[in-house]
Amino acid sequence: MEVDVDGLCREMGAAPDSLADALETARFLQSAGLCRIAGSTIQVPPDARLFLRTVAQCLDGRYKPAPRRHAKAV
């Protein structure tokens, strides 16, 4: 239920700042109560477990959020 982003970069042989955008996205999710950030560690609390996929998506470089759009009736 947690990941050390810096440790993950070291493990994969990536540059230490290669997931800096992921941490920024996680900070937005933290403001919504979906995760906690301490240093480079992202943790999903038990009460937000249903949103684990949402938090994990910030680490997926292939994930592109859908553009915001209105319902067809608008």
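Which side chain makes a polar contact with the side chain of E2? It's the side chain of Q43, at 3.5 Å. The close-ups below take that pair and several others in turn, all from a predicted model.

**Figure 1. The whole chain, before zooming in.** The chain has 3 helices and 3 strands, and reading along the sequence you pass through them as β-α-α-β-β-α. Of its 74 residues, 26% count as buried. The accessible surface adds up to about 5800 Å², with 55% of that belonging to carbon and sulfur atoms. If you take the contacts between residues at least 6 apart in sequence, 39% of them join residues at least 24 apart.

**Figure 2. E2 on strand β1 meets residues from farther along the chain.** E2 sits in strand β1. With a relative accessible area of 53%, E2 is exposed. Leaving out residues up to four places away in sequence, E2 touches T41, I42 and Q43. Look at the backbone too: the C-alpha atoms of E2 and I42 are 5.4 Å from each other, although their positions lie 40 residues apart along the chain. The side-chain link here is the polar contact from E2 to Q43, at 3.5 Å.

**Figure 3. S40 reaches two aspartates.** S40 belongs to the loop between β2 (36-38) and β3. Is this loop residue buried or exposed? S40 counts as buried, because its relative accessibility is 13% and the cut-off for buried is under 20%. Its side chain makes a polar contact of 2.6 Å with the side chain of D4, and another, of 3.3 Å, with the side chain of D6. Setting aside residues up to four places away in sequence, the neighbours that S40 touches are V3, D4, V5, D6 and L23.

**Figure 4. Helix α1, from its start to the glycine after it.** Helix α1 covers residues 5-12, and V5, G7 and C9 are buried in it. C9 comes in at 1% relative accessibility, so it counts as buried. The cover over the buried residues of α1 includes β1 (2-4), α2 and β3 (41-43). At the start of the helix, a side-chain oxygen of D4 comes to within 3.3 Å of the backbone nitrogen of D6. After α1 comes G13, and its phi is positive, near 75°.

**Figure 5. The salt bridge on helix α2.** How many salt bridges does the structure hold? There is 1, and it joins the side chains of E24 and R27, with 3.4 Å from N to O. Both residues are in helix α2 (residues 20-31), and they are 3 residues apart, which is about one turn of the helix. R27 counts as partly exposed, because its relative accessibility is 37%.

**Figure 6. L29, a buried residue of helix α2.** L29 is another residue of helix α2. At 9% relative accessibility, L29 counts as buried. Not counting residues up to four places away in sequence, L29 touches L34, C35, T54 and V55. Take T54 from that list: L29 and T54 are 25 residues apart in sequence, and their C-alpha atoms are 8.7 Å apart in space.

**Figure 7. The largest nonpolar core, with I42 in view.** This core has 15 residues, and A26, C35, I37, I42 and V55 are the ones with the most contacts inside it. The elements giving two or more residues to the core are α1 and α2. Of these, α2 gives the most, with 4 residues. Zoom in on I42 and, leaving aside neighbours within four places in sequence, you'll find it in contact with M1, E2, V3, V5, L23, A26, C35, R36, I37 and V55.

**Figure 8. C35, a cysteine without a disulfide.** C35 counts as buried, at 3% relative accessibility. Why isn't the sulfur of C35 bonded to the closest cysteine sulfur? That sulfur, in C58, is 6.8 Å away, which is too far for a bond. The structure as a whole holds 0 disulfides. C35 does turn up in the earlier views: it is among the residues that L29 touches, and it is one of those with the most contacts inside the largest nonpolar core.

Notes
Residues are numbered from 1 along each chain as its sequence is written. This is a predicted model: local features need pLDDT of at least 70, side-chain atom pairs count only at pLDDT 80 or more; totals for chains, interfaces and linings use all residues. Side-chain values use heavy atoms; hydrogens and water are left out. A salt bridge is a side-chain nitrogen of Lys or Arg within 4 Å of a carboxyl oxygen of Asp or Glu. Buried means under 20% relative accessible area, exposed over 50%, partly exposed in between (1.4 Å probe, protein chains only). Contact means heavy atoms within 4.5 Å. A polar contact is a pair of N or O atoms within 3.5 Å; within protein, one must be able to donate a hydrogen and the other to accept it, and residues adjacent in sequence count only if both atoms are side-chain atoms. A nonpolar core is a set of buried Ala, Val, Leu, Ile, Met, Phe, Trp, Tyr and Cys residues joined through side-chain atoms within 4.5 Å. Accessible areas come from the Shrake-Rupley method with a 1.4 Å probe; for residues, only the protein chains shown count as cover. A disulfide is a pair of cysteine sulfur atoms within 2.5 Å.
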